[in-house]
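The exercises below are meant to be worked with the sequence and the coordinates open side by side. Try each task before reading its solution.

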Amino acid sequence: MKKILTCLFIAFLLFSCKKEAEVFVPNCNTSEKSFKNDVRPVMQNSCISCHSDYSSYANVATDKAKIREQVVTGEMPQEATLKDTEKNSIACWIDSVAKNN
């Protein structure tokens with residue numbers, strides 16, 4: 001019985017520590033976003049410490065759908081939270097065809 005309670009307590013702790021995700025709704029009515037000026041700086045500051053392959057346009061563009069979903073749902077970055085302006089930059093850049101600009 002003691003082992004069962006211990007296992008349940010550990011399971012509770014693991015699930016209670018999960019990052020709560022709130023879905024972000026981007027507002028793309030602002031100026032056009034640029035990979036160089038808007039997206040790359042966010043990637044450099046918040047992503048490439050774990051995802052070193054996201055330092056180049058080609059790799060970010062290849063994974064753009066996955067990146068967008070994880071950013072707007074709050075799944076990434078795992079150890080931090082992006083500002084709404086950063087989430088907006090990434091989502092709107094991807095929504096506007098993800099140009100290499």
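The exercises that follow concern a predicted model, and each one is solved in steps.

**Exercise 1. Overall architecture**

Determine how many helices and strands the chain has, and in which order they follow one another.

Solution. Step one is the count, which gives five helices and zero strands in the chain. Step two is to read along the sequence, where the pattern is α-α-α-α-α. Step three turns to burial and contacts: of the 101 residues in the chain, 29% are buried, and among the contacts between residues at least 6 apart in sequence, 70% join residues at least 24 apart.

**Exercise 2. The cysteines**

Work out which cysteines are joined in a disulfide and which handedness the bond has, then decide the state of Cys 47 and Cys 50.

Solution. Begin with the sulfur distances, taking a pair within 2.5 Å as a disulfide. The sulfur atoms of Cys 28 and Cys 92 are 2.1 Å apart, and a disulfide therefore joins these two residues; the count of disulfides comes to one. Next, examine the torsion about the S-S bond of Cys 28 and Cys 92, which is about -95°, so the disulfide is left-handed. Then place the two ends: Cys 28 lies in the loop between helix 1 (2-16) and helix 2, whereas Cys 92 lies in helix 5, so the pair ties together parts that are 64 residues apart in sequence. The accessibility of the ends can be added, with Cys 28 partly exposed at 38% relative accessibility and Cys 92 buried at 6%.

For the other two cysteines, the closest cysteine sulfur to that of Cys 47 is in Cys 50, at 8.8 Å, which is too far for a bond. Cys 50 is accordingly in no disulfide, the nearest cysteine sulfur being that of Cys 47. As to their surroundings, Cys 47 is buried, with a relative accessible area of 13%, while Cys 50 is exposed, with 69%.

**Exercise 3. Phe 35 and the nonpolar core**

Decide whether Phe 35 is buried or exposed, find which residues it contacts beyond its neighbours in sequence, and then describe the largest nonpolar core.

Solution. First locate Phe 35, which lies in helix 2 (residues 35-46). Its relative accessibility is 1%, and because buried means under 20%, Phe 35 counts as buried. Second, leave aside the neighbours within four places in sequence; the contacts of Phe 35 then include Tyr 57, Val 60, Trp 93 and Lys 99. Trp 93 is 58 residues from Phe 35 in sequence, yet the C-alpha to C-alpha separation is 7.2 Å.

Third, consider the largest nonpolar core, which has 14 residues, and of these Val 39, Met 43, Val 60, Ile 67, Ile 90 and Trp 93 touch the most other members. Helix 2, helix 4 (64-72) and helix 5 (84-95) are the elements that give two or more residues to this core, and helix 2 provides the largest share, four residues. Finally, take Val 39 as an example: not counting residues up to four places away in sequence, Val 39 touches Ser 34, Ser 89, Ile 90 and Trp 93.

**Exercise 4. The largest pocket and a cis peptide bond**

Find how much space lies in the largest pocket, which residues are closest to its centre, and where a cis peptide bond occurs.

Solution. The volume comes first, at about 310 Å³ for the largest pocket. Of the 19 residues that line this pocket, Ser 46, His 51, Met 76, Pro 77 and Gln 78 are the closest to its centre. By class, the lining divides into ten nonpolar, seven polar and two charged residues. Helix 2 and helix 4 each supply at least two lining residues, and the largest share, four residues, comes from helix 4. The last step looks at the backbone, where the peptide bond from Met 76 to Pro 77 is cis, with omega near -5°; Pro 77 itself sits in the loop between helix 4 and helix 5.

**Exercise 5. Positive phi after helix 5**

Compare Val 97 and Ala 98 in backbone phi and in burial.

Solution. Both residues belong to the segment after helix 5. Neither is a glycine, and yet phi is positive in each, at about 80° for Val 97 and about 50° for Ala 98. Turning to accessibility, Val 97 is exposed, with a relative accessible area of 63%, whereas Ala 98 is buried, with 1%.

Methods: Residues are numbered from 1 along each chain as its sequence is written. This is a predicted model: local features need pLDDT of at least 70, side-chain atom pairs count only at pLDDT 80 or more; totals for chains, interfaces and linings use all residues. Side-chain values use heavy atoms; hydrogens and water are left out. Buried means under 20% relative accessible area, exposed over 50%, partly exposed in between (1.4 Å probe, protein chains only). Contact means heavy atoms within 4.5 Å. A nonpolar core is a set of buried Ala, Val, Leu, Ile, Met, Phe, Trp, Tyr and Cys residues joined through side-chain atoms within 4.5 Å. On a 1 Å grid over the protein atoms alone, a cavity is a set of points where a 1.4 Å probe fits but cannot get out, and a pocket is an open set with protein on both sides within 12 Å along at least five of seven lines; lining residues have an atom within 4 Å of a point. Grid points are joined across faces, edges and corners, and a volume is the space filled by probe spheres set on the points. Ala, Val, Leu, Ile, Met, Phe, Trp, Tyr, Cys and Pro count as nonpolar, Asp, Glu, Lys and Arg as charged, and the others, Gly among them, as polar.
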